[in-house]
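User: I should like a close look at one part of this protein, with its surroundings explained step by step. Please keep the account suitable for a first-year student.

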Amino acid sequence: MPRKLTVIGAGSVGTATAYASLIRGSASTIALYDINEPKVDAEVLDLAHGSQFMLASKVMGGADLAVTENSDVIVITAGAKQKPGQTRLDLATQNVAILESLLPALAERSPNAVYVLVTNPVDVLTYVATKILDLPQGRIFGSGTVLDSSRLRWLIGEHLNISPRSVHAMMIGEHGDSEFALWSSANIGQIPIREWRDDDGTLAFSEEKLASIEHDVINAAYRIIEGKGATNYAIGVSAARIVEAILGHHNAVLPVSSVEGDVAISVPSLVGRAGVTRRLNVALDDAEQARLDYSIATLQKSIKTVGY
């Protein structure tokens with residue numbers, strides 16, 4: 001069955017998402033939309049010229065919203081770019097206005113699509129998007145802390161010289177400064193991370209080392225932005241993975257951002273063809289619960305500042 005992915009925004013994140021999706025075969029048709037016609041046309045050509053080496057069968061795009069018609073998944077990356085030293089929440093007002101102009105037109109052309117927000121601040125914008133479009137719960141969600149969790153697993157794997165695929169750990173909460181690692185349930189090969197021992201029998205992780213790893217995850221984007229101006233490759237492949245969970249009916253457990261009550265925030269969730277079908281109730285220790293409560297309060301405050 002044909003499956004169409006549309007990526008909104010031909011900037012560094014949008015093109016990385018399209019590129020990763022083409023290579024991985026995330027969808028059978030991939031459309032790229034941007035208001036900058038020369039830029040998006042050039043990006044589509046550049047992607048299409050390598051299509052014989054890619055898994056997806058067709059790439060298209062342009063500056064006319066007609067290219068988005070009949071999409072199964074729409075990934076939104078369009079928005080103002082985060083500048084060095086700027087927090088994700090500072091971007092909120094600018095990017096809310098973009099959503100307000102885009103979403104109704106997209107929904108008119110693709111009434112059955114699942115929407116994945118990637119633009120920052122992703123939690124605030126995910127909440128706003130659910131207010132702009134009246135869709136069934138779960139059809140609109142954000143990429144959340146999927147990338148942050150990948151960063152976490154990579155850092156743990158590097159510390160132990162173990163494949164990140166064998167590390168089971170997640171960041172949850174805000175995709176931003178108040179996010180945190182779920183150390184109480186993190187494990188490697190079924191061994192709790194706080195019990196993992198080196199070859200000589202000593203514990204591999206002190207509380208100070210865990211805090212250092214978490215700090216590096218939280219500040220990773222700032223470091224990358226300072227050095228190269230934007231994060232794009234890892235978020236692009238993370239978005240492609242989310243798309244595959246939707247179009248492949250995977251019911252994958254991913255820490256995406258979805259709405260519960262008056263906030264959108266990342267917790268482990270089942271992601272499948274209908275979007276987020278269930279938010280999982282993961283056991284938290286007292287410290288983690290306090291940090292989740294703080295993250296929720298931080299986001300609630302930010303949502304109010306943009307008028308929602």
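Leaving aside its neighbours within four places in sequence, which residues is R241 in contact with?

Analyst: The model discussed here is a predicted one. Apart from neighbours within four places in sequence, R241 is in contact with R24, H250 and A252. R241 itself is found in helix α8. Its relative accessibility is 26%, and because buried means under 20% and exposed means over 50%, R241 counts as partly exposed. The chain also brings R241 towards a residue that is remote in sequence: R241 and T17 are 224 residues apart along the chain, yet their C-alpha atoms are 9.7 Å apart in space.

The loop that comes after this helix deserves attention. H249 is found in the loop between α8 (233-247) and β12 (252-254). Although H249 is not a glycine, its phi is positive, at about 55°. Most residues other than glycine have a negative phi, and most peptide bonds are trans. With a relative accessibility of 52%, H249 counts as exposed.

T17 leads from R241 to another residue, V75. V75 touches T17, and also L5, T6, V7, I8, V116, V118 and V243, when residues up to four places away in sequence are not counted. V75 belongs to strand β4 and is buried, with a relative accessible area of 1%. V75 and A27 are 48 residues apart in sequence, and the distance between their C-alpha atoms is 12 Å.

The next residue to consider is I76. Leaving out residues up to four places away in sequence, I76 touches I8, L99, L103, L106, Y115, V116, L117, V118 and T119. In the largest nonpolar core, which has 38 residues, the members that touch the most other members are I8, I76, L103, L106, Y115 and L117. Two or more residues of this core come from each of the elements β4 (73-76), α3 (92-109), β5 (114-117), α4 (122-132), β14 (263-266) and α9 (286-305). Of these, α3 gives the most, with 8 residues. Another core, of 35 residues, lies apart from this one, and V40, M54, F141 and V243 are among its residues.

Two of the helices that contribute to the largest core, α4 and α9, also pack against each other. Two packed helices are described by the angle between their axes and the distance between the axes. The axes of α4 and α9 come within 10 Å and cross at roughly 60°. The two helices are therefore oblique to each other, and their crossing is right-handed. D123, V124 and Y127 of α4 make the contact with L299, S302 and I303 of α9. By class, this contact has 4 nonpolar, 1 polar and 1 charged residues.

Just ahead of α4, the backbone has a feature of its own. P121 is found in the loop between β5 and α4, and a cis peptide bond joins N120 and P121, with omega about 0°. A further backbone feature concerns N70, whose place is in the loop between β3 (58-62) and β4. N70 has a positive phi of about 60° although it is not a glycine, and its relative accessible area of 60% makes it exposed.

A second pair of helices may be described in the manner already used. The axes of helix α5 (residues 146-160) and helix α6 (residues 207-218) come within 9 Å and cross at roughly 135°. That angle makes α5 oblique to α6. The crossing in which α5 passes α6 is right-handed. From α5, the contact is made by D148, R151, L152, L155, I156 and H159, and from α6 by K209, I213, D216 and V217. These residues divide into 5 nonpolar, 1 polar and 4 charged.

A further helix meets this pair. The buried residues of helix α7 (residues 220-228) are A220, A221, Y222 and I225, and these buried residues pack against both α5 and α6. After α7 comes G229, which has a positive phi near 95°.

To return to the residue in the request, R241 is partly exposed and, beyond its sequence neighbours, is in contact with R24, H250 and A252. By contrast, V75, which touches T17, is buried.

Definitions and conventions: Residues are numbered from 1 along each chain as its sequence is written. This is a predicted model: local features need pLDDT of at least 70, side-chain atom pairs count only at pLDDT 80 or more; totals for chains, interfaces and linings use all residues. Side-chain values use heavy atoms; hydrogens and water are left out. A nonpolar core is a set of buried Ala, Val, Leu, Ile, Met, Phe, Trp, Tyr and Cys residues joined through side-chain atoms within 4.5 Å. Buried means under 20% relative accessible area, exposed over 50%, partly exposed in between (1.4 Å probe, protein chains only). Helices (H or I, at least four residues) and strands (E, at least two) are DSSP runs, numbered from the N terminus. Contact means heavy atoms within 4.5 Å. Axes are lines fitted to C-alpha atoms, for helices over the stretch in contact, and angles run from 0 to 180 degrees between N-to-C directions. Angles under 35 degrees count as roughly parallel, over 145 as roughly antiparallel, 65 to 115 as roughly perpendicular and the rest as oblique. A crossing is left-handed if the near helix is turned anticlockwise from the far one by less than a right angle, and right-handed if clockwise. Ala, Val, Leu, Ile, Met, Phe, Trp, Tyr, Cys and Pro count as nonpolar, Asp, Glu, Lys and Arg as charged, and the others, Gly among them, as polar.
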